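User: I have a small protein model open and would like to talk through it. Can you take my questions as they come?

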Amino acid sequence: MNASELRDKDQAALTKELNELLKAQFSLRMQIATQQLSNTSQLKKVRRDIARVKTVINSKGAL
């Protein structure tokens with residue numbers, strides 16, 4: 001997911017995307033806690049995607 005793709009979305013779509021990413025992050029954290037996650041780099045990718053979405057939401061709010 002690129003920031004340019006996110007900038008094309010409206011506020012409602014960004015909020016929905018953020019909620020989905022937060023749920024995915026929670027799921028990954030639970031998998032790590034129960035030692036079911038083999039690829040731990042997924043958590044880093046989801047964290048960065050959350051940061052991207054929040055950045056775009058904040059920049060759209062400032063405009």
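Analyst: What follows is a set of short answers on this model, which is predicted.

User: How many helices and strands are there in the protein?
Analyst: The protein has three helices and zero strands. Along the sequence the pattern reads α-α-α.

User: What box do the C-alpha atoms fill?
Analyst: Roughly 45 × 15 × 15 Å, taken along the principal axes.

User: And how much of the protein counts as buried?
Analyst: Of its 63 residues, 24% count as buried. The protein exposes about 4600 Å², and carbon and sulfur atoms supply 50% of that area.

User: What share of the contacts comes from residues 24 or more positions apart?
Analyst: Such pairs make up 68% of the contacts, counting contacts with a separation of 6 or more. For one pair of residues from the two ends of such a gap, take N19 and I50: they are 31 residues apart in sequence, and their C-alpha atoms are 9.1 Å apart in space. N19 lies in helix 2, residues 11-33.

User: Is N19 buried or exposed?
Analyst: N19 is partly exposed, because its relative accessible area is 40%.

User: Which residues make up the largest nonpolar core?
Analyst: That core has twelve residues: L6, L14, L18, L21, L28, L37, L43, V46, I50, V53, V56 and I57. Helix 2 and helix 3 each supply at least two of them. Helix 3 gives the largest share, with six residues.

User: Take V56 from that list. What is V56 in contact with?
Analyst: Leaving aside neighbours within four places in sequence, V56 is in contact with A3, L6, R7 and L14. Of these partners, L6 and L14 are also listed in the core.

User: Switching to polar residues. Where is Q25 found?
Analyst: Q25 is in helix 2.

User: Buried or exposed?
Analyst: Q25 is buried, because its relative accessible area is 15% and the cut-off for buried is under 20%.

User: Which residues is Q25 in contact with, then?
Analyst: Not counting neighbours within four places in sequence, Q25 has contacts with L43, V46, R47 and I50. Among these, L43, V46 and I50 belong to the nonpolar core.

User: How far apart are Q25 and S4?
Analyst: They are 21 residues apart in sequence and 22 Å apart in space, C-alpha to C-alpha.

User: On to charges. How many positive and negative side chains are there?
Analyst: There are 12 positive and 6 negative side chains. The centres of the two sets lie 9 Å apart.

User: How many salt bridges does the structure hold?
Analyst: Two. Side chains of opposite charge can pair when their charged atoms come close. One salt bridge joins the side chains of K9 and E17, at 3.5 Å from N to O. The other joins D49 and R52, at 2.7 Å from N to O.

User: In the first bridge, are K9 and E17 buried or exposed?
Analyst: K9 counts as partly exposed, because its relative accessibility is 30%. E17 is buried, with a relative accessible area of 16%.

User: And what separates D49 and R52 in the helix?
Analyst: About one helical turn, because they are three residues apart in helix 3. D49 lies in that helix, which covers residues 41-62.

User: How accessible are D49 and R52?
Analyst: D49 is buried, with a relative accessible area of 15%. R52 counts as partly exposed, at 33% relative accessibility.

User: What else does D49 touch?
Analyst: Leaving out residues up to four places away in sequence, D49 touches M1 and L21. L21 is one of the core residues.

User: Last topic, backbone. Which phi does Q35 have?
Analyst: Q35 has a positive phi of about 60°, although it is not a glycine. Most residues other than glycine have a negative phi.

User: Where is the place of Q35, and is Q35 buried or exposed?
Analyst: Q35 sits in the loop between helix 2 and helix 3. Q35 is exposed, because its relative accessible area is 71%, and the cut-off for exposed is over 50%.

Technical notes: Residues numbered from 1 in each chain as written. Predicted model: local features only at pLDDT ≥ 70, side-chain atom pairs only at ≥ 80, totals over all residues. Heavy atoms only, no water. Helix = DSSP H or I, 4+ residues; strand = E, 2+ residues; numbered from the N terminus. Contact = heavy atoms within 4.5 Å. Buried < 20%, exposed > 50% of the residue type's maximum accessible area, 1.4 Å probe, protein only. Areas by Shrake-Rupley, 256 points an atom, 1.4 Å probe, with all protein chains shown as cover. Lys, Arg positive; Asp, Glu negative; His and termini not counted. Charge placed at Lys NZ, Arg CZ, Asp CG, Glu CD. Salt bridge = Lys/Arg side-chain N within 4 Å of Asp/Glu carboxyl O. Core = buried A, V, L, I, M, F, W, Y, C linked by side-chain atoms within 4.5 Å.
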